[in-house]
Amino acid sequence: MMSLIEKFMEQREMFETAYESGNWQNLRPFFAENVIYEVSNISFHCEVRGIDNFISGLKRATDGFDKLCKREINVGDYMIAQEGNKVLVHSVVRFARDDSPPIESGLWEIASYEDGLITRMIDVYDPGVAEQFSEWMGSWGEGLDPRYQDS
């Protein structure tokens with residue numbers, strides 16, 4: 001039987017495949033129908049409920065931001081651990097655009113599992129990065145939209 005860390009890493013690999021192909025529906029088997037996704041400590045903070053909203057939000061955010069930038073994940077320190085039914089991941093994400101300086105943040109991801117499916121996913125950015133991100137967007141973000149849903 002797969003450990004939760006193995007399940008999380010399989011989901012992460014499928015995320016990257018979906019990112020490249022644009023077929024986000026392949027993520028469905030990893031998440032509960034009533035999944036809750038939260039993004040905290042950044043200007044595009046949100047709470048998205050339900051698998052359909054989650055998948056459309058991923059497509060919206062990556063098409064509107066990630067794919068229009070140079071995206072690097074796991075820059076620097078990387079950590080993954082399991083605590084009970086949760087997988088905790090800490091990584092560093094970095095984005096740049098054209099000649100922009102990079103915007104970078106540590107990112108905690110916390111995935112809660114029930115019956116082998118992620119029921120809640122929380123992304124928490126480093127303290128203070130929201131202001132830096134807003135400034136970066138003001139200078140370099142024309143045409144970019146990192147939001148998972150309309151305000």
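This section describes the nonpolar core, two of the helices, a buried glutamate and the salt bridges of a predicted model.

The largest nonpolar core comprises 40 residues, and Trp24, Phe31, Val39, Phe54, Phe65, Tyr125 and Tyr148 are the members that touch the most others. Two or more residues are contributed to this core by each of the helices H1 (4-21), H2 (51-64) and H3 (129-140). Strands E1 (31-40), E2 (46-49), E5 (86-96), E6 (103-114) and E7 (117-125) likewise give two or more residues each. In soluble globular proteins, nonpolar side chains tend to be buried together. When residues up to four places away in sequence are set aside, the contacts of Tyr125 are Val39, Ser40, Asn41, Ile42, Phe44, Val93, Ser105, Gly106 and Leu107.

Helix H1 contains 18 residues, for which a rise of 1.5 Å a residue predicts a span of 26 Å; the end C-alpha atoms are 25 Å apart, in agreement with that expectation. The buried residues of H1 are Leu4, Phe8, Gln11, Arg12, Phe15, Ala18 and Tyr19. Viewed down the helix axis, these buried residues fall within an arc of 120° and therefore line one face of H1. Glu13 and Glu20 are exposed and are carried on the face turned away from the buried side. Gly22 follows H1 and has a positive phi, near 85°.

A charged residue is also found in a buried setting. Glu109, located in strand E6, has a relative accessible area of 10% and is therefore classed as buried, the threshold being under 20%. The side chain of Glu109 forms a polar contact of 2.3 Å with that of Arg12, a residue that is itself buried in H1. Apart from residues up to four places away in sequence, Glu109 touches Phe8, Arg12, Val87, Leu88, Val89, Ser91, Ile122 and Asp123.

Helix H2 has 14 residues and an expected span of 20 Å at 1.5 Å a residue, which agrees with the 20 Å between its end C-alpha atoms. Within H2, Ile51, Phe54, Ile55, Gly57, Leu58, Ala61, Thr62 and Gly64 are buried. The packing partners of these buried residues are H1, E1 and E2.

The whole structure contains 11 salt bridges. One of the salt bridges joins the side chains of Arg28 and Asp52, with an N to O distance of 2.4 Å. Because Arg28 lies in the loop between H1 and E1 whereas Asp52 belongs to helix H2, the pair ties together parts that are 24 residues apart in sequence. Arg28 is partly exposed, at a relative accessible area of 28%.

A salt bridge within H2 is formed by the side chains of Asp63 and Lys59, at 2.5 Å from N to O. These two residues are 4 residues apart in the helix and so are separated by about one helical turn. Asp63 is partly exposed, with 31% relative accessibility, and Lys59 is also partly exposed, with a relative accessible area of 39%.

The side chains of Asp145 and Arg60 meet in a further salt bridge, with an N to O distance of 3.2 Å. This pair links distant parts of the chain, Asp145 being in the segment after H3 and Arg60 in helix H2, 85 residues apart. Arg60 has a relative accessible area of 25% and is thus partly exposed. Arg60 and Asp145 belong, together with Arg147 and Asp150, to a network of salt bridges.

How values were computed. Residues numbered from 1 in each chain as written. Predicted model: local features only at pLDDT ≥ 70, side-chain atom pairs only at ≥ 80, totals over all residues. Heavy atoms only, no water. Core = buried A, V, L, I, M, F, W, Y, C linked by side-chain atoms within 4.5 Å. Buried < 20%, exposed > 50% of the residue type's maximum accessible area, 1.4 Å probe, protein only. Contact = heavy atoms within 4.5 Å. Polar contact = N/O pair within 3.5 Å; in protein donor to acceptor, adjacent residues only side chain to side chain. Expected span 1.5 Å × (residues − 1). Salt bridge = Lys/Arg side-chain N within 4 Å of Asp/Glu carboxyl O. Arc of directions from axis to C-beta.
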